[in-house]
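Trainee: Could we go through this one together, a question at a time? I would like to practise my reasoning.

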Amino acid sequence: IVLAVAGKPLAYLHTEKKYKNYVLRYEWKTAKEGRSGVLLHIVEPHRTWPMCVQVQAQQDSHGRLFTMGGADGHFIRDKAAQKTVVKWGEWNRTEVVSNHGKLSVKINGTEVASGESTQKEGVIGIQSEGTEFFFRRMEIKSK
């Protein structure tokens, strides 16, 4: 099963269950430059730009972690790795590990970002933000 997000309207789909300590794996691809993302630890109320941590899906910074909607955190990223590990137009595999607020992101087996957030738990969402993106083989395993 492939989930396609059209990019418009700006919105996100989210899990019903809240997650705290887990491993999230998914495959993704896009046919053109643009952006989307996976939203971690979303806190209600649900709105277009919720309080959460985002795993960016964008050609020059895929896998970058940053906070939105008033959440707080500190993250680092490997810009050189981000530019070399993504296979544009092909299926890529992202793995996110959450452990008591500490997060790490790997793309195709290479770590590209890590850090810690005050947002340690919440629902997980798939964002629609301007570009068509495809997601498949999503799995969440609680630790």
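Trainee: Is Arg25 buried, partly exposed or exposed, and at what relative accessibility?

Mentor: Happy to help, and keep in mind that this is a predicted model. Buried would need a relative accessible area under 20%, and exposed one over 50%. Arg25 falls in between, so at 22% it counts as partly exposed.

Trainee: Which residue forms a salt bridge with Arg25 at 2.8 Å?

Mentor: Look across from strand β3, where Arg25 lies, to strand β8; the pair ties together parts 70 residues apart in sequence. The partner in β8 is buried, with a relative accessible area of 19%. With the closest N and O atoms 2.8 Å apart, that partner is Glu95.

Trainee: Arg25 also meets Glu139 in a salt bridge. How many residues apart are the two?

Mentor: Here the N to O distance is 3.8 Å. Glu139 is partly exposed, at 27%. Glu139 sits in strand β12 and Arg25 in strand β3, so this pair links distant parts of the chain. The separation is 114 residues.

Trainee: And which residue forms a salt bridge with Arg93?

Mentor: Arg93 lies in β8 and its partner in β3, 66 residues apart in sequence. That partner counts as buried, at 11% relative accessibility. The closest N and O atoms are 3.8 Å apart, and the partner is Glu27.

Trainee: Turning to the open sheet, which strands stand at its edges?

Mentor: Five strands form it, in the order β2-β11-β4-β5-β6, with antiparallel pairing. An edge strand has a single partner, so one side is left without a neighbour in the sheet. That description fits β2 and β6.

How values were computed
Residues numbered from 1 in each chain as written. Predicted model: local features only at pLDDT ≥ 70, side-chain atom pairs only at ≥ 80, totals over all residues. Heavy atoms only, no water. Pairing = 2+ DSSP bridges. Helix = DSSP H or I, 4+ residues; strand = E, 2+ residues; numbered from the N terminus. Salt bridge = Lys/Arg side-chain N within 4 Å of Asp/Glu carboxyl O. Buried < 20%, exposed > 50% of the residue type's maximum accessible area, 1.4 Å probe, protein only.
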